[in-house]
Amino acid sequence: MSVPSSIDATPDRSGPSSITAPASPSPCIILIGMAGAGKSTIGEALAKRLDWAFMDSDHLIESVYAARLQDVTDALGKDAFLDVEATVISAIKANRTVIATGGSVVYREKAMRHLASLGPIVHLDVPLAIVEERIARNPQRGLAIGPGQTLNDLFMERQKLYTLYATLCCEATCKNPQQCVDWIVDNLPPQVIASDATRN
């Protein structure tokens, strides 16, 4: 079937001339914390509040393997999974994006150095009891846990790392997602929002 001569069959790939990549990087906001801390829920609400993009690093890993995160962790084992997670995280290039990370991201310094280069890191802090309850409701979260290790062991081990890497710690126990968003926005380093405002 021939194309009528009056129709230009060549697509216009130029795109909107006003859309360009930032000349200098714009900060992201990175959320860390245990499985069940609310990183994805709060991250999506924060991105909407700021009119930013949202990224869930667990979904990136799932897209690489075309499999559920729990299946990936079970197949690889803890150490190999942590290496894969760090590789995926370290390849992220983003601007004005809220990034929700997997709870195990803090085990690899390489990944955390890269995230810190993108913007402030916010620890969503919830107690073990809430983590246990939420994981029980959704056991397919993809928990990277070693043989013989309990959830309490994991919690105590990670709390030290979350504290080490966090720019801010948001006590999320008694806050709903919107209250967490308000707290984060109010406590962000001033240059994060200021740099965003200069683009508008």
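User: Hi! Which way do H6 and H7 cross, right-handed or left-handed?
Analyst: Hello! In this predicted model, the crossing of H6 and H7 is right-handed.

User: And what angle do those two helices pack at?
Analyst: Helix H6 covers residues 128–137 and helix H7 covers residues 151–165; they pack at about 130°, and their axes are 11 Å apart. That angle makes H6 oblique to H7.

User: Why give both an angle and a distance?
Analyst: Because two packed helices are described by the angle between their axes together with the distance between those axes.

User: Cool. Which residues of H6 and H7 meet there?
Analyst: From H6 you have Leu128, Val131, Glu132 and Ile135, and they meet Leu151, Asn152 and Phe155 of H7. The residues of this contact divide into five nonpolar, one polar and one charged.

User: Switching to the sheet now. What order do the strands come in?
Analyst: The order is E2-E3-E1-E4-E5, five strands forming an open sheet with parallel pairing. Strand E2 (53–56) and strand E5 (168–171) stand at the edges with a single partner strand each, so one side of each has no neighbour in the sheet.

User: How much are neighbouring strands turned against each other?
Analyst: On average by 20°, with direction ignored.

User: Let's zoom in on E1. Are its residues buried or exposed?
Analyst: Strand E1 runs over residues 29–32, and both of its faces are covered. Ile29 and Leu31 lie on one side, Ile30 and Ile32 on the other, and all of them are buried.

User: Why do they split between two sides like that?
Analyst: In a regular strand, side chains alternate between the two faces of the sheet, which is why you get that kind of split.

User: What joins E1 to E3?
Analyst: Three bridges join E1 to strand E3 (residues 97–100), and the two run parallel. If you want a spot to look at, Leu31 stands opposite Ala100 in E3.

User: And how does E1 pair with E4?
Analyst: In the parallel sense, over three bridges, with strand E4 being residues 121–125. Here Ile30 has Ile121 of E4 as its bridge partner.

User: How many bridges join E4 to E5?
Analyst: Four, and E4 and E5 run parallel. One place to find this pairing is His123, which stands opposite Cys169 in E5.

User: Last one: which strands does helix H8 touch?
Analyst: Helix H8 (residues 177–187) packs on the sheet and touches E1, E4 and E5. The direction of H8 makes about 155° with that of E5.

Technical notes:
Residues are numbered from 1 along each chain as its sequence is written. This is a predicted model: local features need pLDDT of at least 70, side-chain atom pairs count only at pLDDT 80 or more; totals for chains, interfaces and linings use all residues. Side-chain values use heavy atoms; hydrogens and water are left out. Axes are lines fitted to C-alpha atoms, for helices over the stretch in contact, and angles run from 0 to 180 degrees between N-to-C directions. Angles under 35 degrees count as roughly parallel, over 145 as roughly antiparallel, 65 to 115 as roughly perpendicular and the rest as oblique. A crossing is left-handed if the near helix is turned anticlockwise from the far one by less than a right angle, and right-handed if clockwise. Contact means heavy atoms within 4.5 Å. Ala, Val, Leu, Ile, Met, Phe, Trp, Tyr, Cys and Pro count as nonpolar, Asp, Glu, Lys and Arg as charged, and the others, Gly among them, as polar. Buried means under 20% relative accessible area, exposed over 50%, partly exposed in between (1.4 Å probe, protein chains only). Two strands pair if DSSP finds at least two bridges between them.
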